[in-house]
Amino acid sequence: MATVTGLPEHHVAHHFDSAEQEFDSAKTGMWLFLASEIMMFGALFVGALLFHTLHHGGFAEGSAHLDWRFGAVNTFFLLTAGLTMGLAVVSAQAGEQGKVRMNLILSLVFAAGFLVTKSLEYAQKFEHGTLPGRLWHAHHGFSDPFSHVFFGFYFVMTGLHAVHVLVGMGLMIFALIRSSRVQFSRSYFTPIEMVAIYWALVDLVWVFLFPLLYLIR
Amino acid sequence: MHDTSLPGHEFPKGAVIGSYVALLILAAVMIGLSQLDVDKLGIDWLNLHAIRTTLIMGTALIMGIIVSMFLMGLRYESKLLNLTIFLSNFVFLLIFVLFTWVDTSFRGEVDPTFNEKINWTSPVKPEAEEHAAGVAAPASTSPAVQEAPAAAQPVQPADSTVQKGQPPEAKEHATVTGPTNPAQAQPEHPDKASKPSKASGAQKNPPSPNPATMGAPGNTASPKQTAPAGH
């Protein structure tokens, strides 16, 4: 049923008392999910920091073989996608459906840019043979026996992060489809805000991954 | 400023744009710090590398706070939620650090075989070693052939890995299942292997420390020196 503004009226699910309660429930669920994500990445960060301390030479050598410019470009892509996702929420709260769609499309473009850059970087690593563990076949430029451990962390952490970027893109497409069907309004924009919060987590993880892997020697 | 017609809290447009600009500036600061050649500053009495690392990670922390406050909306949430998230983060961090410390400090003490499972040889060949191997062997040596030098070492009796003073069952076990190639021989415990028994002194070929092995600190004395010499 459309309202006088042309936007659909949101019907609160029968097990909720109000739209506010429905929104709060969704948000609580989202935060619980994010807590589990932080636990997963937190364990990896602790492991990486520990090995960085134990085998400083190998990690410094590995880090020196990463091109910080790839990381900088990816930081730009991710942060800009975070901006456009934030603006999508602002637009959704203002009931501006056209701007919501535009911001979601821009977020998708920047997220895709991140993945393209990451794949270029991975291709370089495959070519050089700087792969984790027994897959390692780099022939020169390394003297520390623990350099391959650095690349183990590099591939696991950035790979897992890239999977999250892919999932985020899927969620953006989902929100875009629903937005094009005019299923959001000023009183119901929960999916867009949840996707934005999820994307902020992707940003948050990268904000620590970038210096840990690319910048610290 | 809270619009009561909205479920949840309003995301101010200025805060979103402002946090984006701040994040870009802080990212640039982080990169700038990492490119700084601190050795040229000539300050020896300070560990400038450690200070730089702290500054970079501190900048990352500020960026993380901005993301969680303004892009995740924690700035607009209740104090209870913020406190829960803040405290639970530290609880999880404590758990992770505690378990990692226990693992690296006491690895192998409960189950020595665990040490052997993870104590494998690094695939990284130092450049100097590669060069020496390149002089000694043709570059086209296949991986299968590379195993040959290790296999060609003089074969020792299988029970040479068993120290005097060990129970007879252990000796019997080593005789039956023990590897004939000393390069593949695994001690029951790396610490024991690196410290020959004072009572017996029976370890004729004490293994040399092997920095190329993976594992916990202190587990660098594994005799599993199977890394062939170079490609």
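A:Ala26 is partly exposed in this predicted model, because its relative accessible area of 29% lies between the 20% limit for buried residues and the 50% limit for exposed ones. The residue belongs to helix H1 of chain A. Not counting residues up to four places away in sequence, A:Ala26 touches A:Thr190 and A:Met194. The pairing with A:Thr190 brings together positions 164 residues apart in sequence, with their C-alpha atoms 7.5 Å apart in space.

Turning to the interior, the largest nonpolar core comprises 90 residues, and A:Tyr154 and A:Trp199 have the most contacts inside it. Both chains take part: at least two residues each come from H1 (19–54), H3 (68–94), H4 (97–128), H5 (147–180) and H6 (190–215) of chain A, and from H1 (13–35) and H2 (48–71) of chain B. The most is given by H6(A), with 20 residues. In soluble globular proteins, nonpolar side chains tend to be buried together.

A:Tyr154 deserves a look of its own. Once neighbours within four places in sequence are set aside, its contacts include the nonpolar residues A:Leu66, A:Tyr122, A:Leu213 and A:Tyr214. Charged residues are also on its list of contacts, namely A:Lys118, A:Glu121 and A:Lys125, and A:Gly159 is in contact with A:Tyr154 as well.

The two chains meet through 61 residues of chain A and 57 residues of chain B. Together they bury about 5,000 Å², and carbon and sulfur atoms give 75% of that area. On the chain A side, A:Trp31, A:Leu79 and A:Leu215 supply 11% of the area buried against chain B, more than any other three residues.

Polar links between the chains can be listed briefly. There is 1 salt bridge between chain A and chain B. It joins A:Lys27 to B:Glu77, and the closest N and O atoms are 2.6 Å apart. Residue pairs in polar contact across the two chains number 3, counting those with both residues at pLDDT 80 or more. As for the elements involved, H1, H3, H5 and H6 of chain A each give two or more residues to the side that touches chain B. H1(A) gives the most, with 14 residues. Sorted by class, this side of chain A holds 38 nonpolar, 15 polar and 8 charged residues.

Notes. Residues are numbered from 1 along each chain as its sequence is written. Chains are lettered from A and ligands numbered from 1 in the order in which they are written. This is a predicted model: local features need pLDDT of at least 70, side-chain atom pairs count only at pLDDT 80 or more; totals for chains, interfaces and linings use all residues. Side-chain values use heavy atoms; hydrogens and water are left out. A nonpolar core is a set of buried Ala, Val, Leu, Ile, Met, Phe, Trp, Tyr and Cys residues joined through side-chain atoms within 4.5 Å. Buried means under 20% relative accessible area, exposed over 50%, partly exposed in between (1.4 Å probe, protein chains only). Helices (H or I, at least four residues) and strands (E, at least two) are DSSP runs, numbered from the N terminus. Contact means heavy atoms within 4.5 Å. Buried area is the accessible area (1.4 Å probe) that two parts lose on being put together, summed over both. A salt bridge is a side-chain nitrogen of Lys or Arg within 4 Å of a carboxyl oxygen of Asp or Glu. A polar contact is a pair of N or O atoms within 3.5 Å; within protein, one must be able to donate a hydrogen and the other to accept it, and residues adjacent in sequence count only if both atoms are side-chain atoms.
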